[in-house]
Every structure is written in structure tokens, then in C-alpha cells.
Amino acid sequence: MTNAAPAWSLTENAPLRHLNTFHVDARAPRMLRIADPIALPEALAAIGAADLLVLGSGSNVLLAADPEDVVLVFENREISALEHRADHTIVRAGAGVIWHELVMWSLNEGLSGLENLALIPGTVGAAPIQNIGAYGAQIGEFIQIVEAWDRQEQAWVRLDQEACRFGYRDSLFKHEADRYLITAVEFRLPLLHELQLDYAGIREELQTMGIEFPVSADVANAVIAIRQRKLPDPDVLGNAGSFFKNPILPLEQIDVLQQHYPELPVFPGNDVGNRKVSAAWMIEQAGFKGQRDGDAGVSPNHALVLVNHGNATGAELLAFARRVSAAVLEKFGVPIEPEPRLVGARW
């Protein structure tokens with residue numbers, strides 16, 4: 001008879017290079033691994049943890065310095081269909097599930113909605129925090145419940161979509177990062193869904209694939225092909241995907257910019273009074289696409305992607321990102337901000 005795996009474990013002086021997609025060498029003073037979230041309150045009480053840094057695959061984090069906090073890693077990786085309805089299914093996924101694995105699982109089950117979000121690095125537990133999005137879709141649209149341990153109230157909570165306060169790359173969890181520890185997410189995934197095809201070359205990719213009447217799986221394959229072509233594989237070249245947010249600007253400012261730069265790409269904003277502009281285009285125009293300083297640089301294939309060519313430190317990557325931002329501000333008068341969470345530094 002074998003002993004059951006422990007519900008949680010604690011390691012001291014734990015290396016973090018394998019837990020951040022920039023592959024920055026950093027170490028945690030203590031690392032708490034949670035296999036069964038039910039044990040989370042007990043584990044936190046036992047180790048006396050005050051400050052925590054939750055890491056999934058570290059795909060939305062730049063470790064500018066060694067964290068001073070306990071690093072928390074969820075290892076619950078179950079996916080299940082909770083409820084089947086005529087037009088949708090409720091799907092529950094543990095915080096430790098790899099995001100792309102959930103996307104492919106949903107497509108294999110005949111479900112729609114997540115196809116535009118294929119191949120985004122990271123875990124399910126991290127997805128609501130950033131309200132991850134790509135190719136015209138955002139995950140908040142499909143989230144029904146986020147289950148979390150509320151450290152302030154010392155209680156389990158189930159937060160619905162409205163309570164999560166999703167916005168563009170934003171959520172309640174981003175603003176109260178130390179309060180909620182997300183342990184599972186429940187999604188409402190439709191059987192049929194209006195496909196999002198009018199963003200960043202998806203229709204053209206489908207035409208290249210010879211697909212005239214696409215289904216969700218076809219869109220996912222098109223997105224995967226585009227991402228693999230444009231974005232470096234973090235396993236090969238350290239990066240966290242798009243490092244900079246596309247700025248959302250008032251219409252008046254966009255009108256002035258387009259008078260000087262008529263080729264500036266502009267996308268819909270979050271209301272009628274603003275629009276989103278392309279940070280990648282501005283970074284490229286500022287001359288930083290493909291540039292590097294030591295091992296810190298910008299991808300030659302996509303100007304939004306900050307990359308680690310080998311052994312750049314987190315501080316070096318952050319310094320290079322600040323140079324990029326300063327150049328864009330000087331040329332266009334537009335501030336650009338990072339998407340990833342900065343650990344050990346402020347922007």
C-alpha cells in the first residue's frame with residue numbers, strides 16, 4: 001500500500017528559473033506547493049505566511065529581483081464538465097491547469113469560445129487576474145465563477161462574472177492581488193459561438209489553410225499558426241508574450257496622432273469615447289524592434305515582445321523595457337505600460 005501524496009509541501013531557498021517564462025535566475029526564500037486546495041488554509045496557518053507571490057508558469061511576471069515573499073504554486077490540474085445544457089456546458093478547471101491544455105480540451109469536447117485564446121502561456125488560475133485576451137476575445141466573457149480563498153475574510157468565496165470586475169487586461173484580482181488566492185475557475189462555454197475572425201490576420205490564415213467555412217477548431221489552429229510565426233517560444237527564447245499594453249486614448253488625442261502618423265493602427269476601445277492604438281507599431285517606429293542590449297532585447301518578429309537572449313537579469317530586462325517606453329513617449333507623447341506583474345520593482 002502506497003502513501004497518499006501530501007496535500008501541501010514547503011521548500012526553502014527554491015530556484016525559480018523554471019517557474020518564469022523569461023527564465024530569469026531568481027530564488028524564493030520559501031516555496032509552498034498546494035496539491036489539494038482544501039488544505040490551503042491549513043498550510044498558510046502552519047507556515048505563518050503573511051506575504052505571498054502566486055506563480056503558475058510565471059508567464060505574466062518579470063522577476064526584477066528575488067521575491068521576499070513565500071512563493072505559492074498550485075498543482076491541482078483537474079478539468080471536468082459540471083453541467084451540460086442544450087446550448088452550453090459549465091466546465092471547471094483547477095488553478096494549476098495549463099491554459100492551452102484547457103483550450104484544447106474544450107475544443108475536443110465540442111465546445112466553443114476559447115479558440116482565439118489558444119497557445120497563450122500560463123495557467124488557469126492566472127487567467128482571470130489579467131483577463132487574458134487575444135485576437136479579439138477576452139476570457140472574462142466566458143467566466144461564470146472564480147473560486148478563491150479570501151485572505152481578508154478567512155473564507156472561501158465564489159465570485160461571479162460581475163463581481164470579478166473584468167476590464168481590458170484588468171480585474172478585481174489585479175487590484176487586490178494579496179487578498180484572493182484563486183484555486184479554480186468555472187467557465188460557461190457555448191456549443192455554438194459566433195466566431196471572431198476579423199482580427200490580426202485570422203481570415204487570411206484560414207484562407208491559406210484552404211478553409212472556407214471554419215469551425216472553432218479551425219480558428220484555434222489558425223491562431224496557433226499565427227502565434228508560432230510571430231511570437232518566440234518561451235522554451236527557446238525567454239519572454240512573457242506581449243510585454244506592453246496597447247494604450248487606450250481619447251478620440252481627440254487619436255485625431256491629433258493620425259494627422260502626424262496616418263498609418264498608426266487604431267482598434268476599438270472600451271467605450272465610444274476612446275480607441276486602442278498599436279503599441280507594437282509605435283515601438284517599431286521608435287527603432288526598437290529587434291534591438292538588444294546584452295541579453296535583454298525586443299523580438300525581431302514582434303515589437304511588443306521583450307526577450308531574454310540568455311542570461312539577462314530581471315533588472316536588466318526592466319531597464320531595457322523602460323528605455324523602450326521612454327522612446328515611445330518622446331516620439332509620440334503616448335505612455336505605454338507593461339502587462340506583466342513586476343516583482344521587486346515599480347514601473
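What share of the contacts in the protein with a separation of 6 or more is made by residues 24 or more positions apart? The share is 62%. Keep that figure in mind while walking through this predicted model.

Start with the overall build. The protein holds ten helices and 20 strands. Its C-alpha atoms fill a box of roughly 70 × 50 × 35 Å along the principal axes. The radius of gyration is 21 Å. A compact globule of 347 residues would have a value near 20 Å, so the protein agrees with that expectation.

Next, look at inside and outside. Of the 347 residues, 49% are buried. The exposed surface comes to about 16500 Å². Carbon and sulfur atoms supply 48% of that surface. Charges are part of the picture too. The protein carries 28 positive and 44 negative charges. The mean positions of these two sets are 3 Å apart.

Now turn to a single residue, His302. Find His302 in the loop between β18 (296-298) and β19 (305-308). Is His302 buried or exposed? His302 has a relative accessible area of 19%. Buried means under 20%, so His302 counts as buried. Which residues does His302 touch, leaving out those up to four places away in sequence? They are Lys230, Leu231, Ala280 and Lys289.

The aromatic rings come next. A pair of aromatic rings is described by the distance of the centres and the angle of the planes. The count for this protein is eleven aromatic pairs. One of them joins Phe244 and Trp347. Their ring centres lie 6.3 Å apart, and the planes meet at 70°. An angle over 60 degrees counts as edge-to-face, so this pair is edge-to-face.

Where do the two partners sit in the chain? Phe244 lies in the loop between β13 (238-242) and β14 (248-250). Trp347 lies in the segment after β20 (341-343). The two are 103 residues apart, and the pair links distant parts of the chain.

The partners can also be described by their accessibility. Phe244 has 2% relative accessibility, so Phe244 counts as buried. Trp347 has 36% and therefore counts as partly exposed. Both rings belong to one aromatic cluster, together with Phe22 and Phe243.

Key. Residues numbered from 1 in each chain as written. Predicted model: local features only at pLDDT ≥ 70, side-chain atom pairs only at ≥ 80, totals over all residues. Heavy atoms only, no water. Helix = DSSP H or I, 4+ residues; strand = E, 2+ residues; numbered from the N terminus. Rg over C-alpha atoms; globule rule 2.2 N^0.38 Å. Buried < 20%, exposed > 50% of the residue type's maximum accessible area, 1.4 Å probe, protein only. Contact = heavy atoms within 4.5 Å. Areas by Shrake-Rupley, 256 points an atom, 1.4 Å probe, with all protein chains shown as cover. Lys, Arg positive; Asp, Glu negative; His and termini not counted. Charge placed at Lys NZ, Arg CZ, Asp CG, Glu CD. Phe/Tyr/Trp six-rings, centres within 6.5 Å; stacked < 30°, edge-to-face > 60°.
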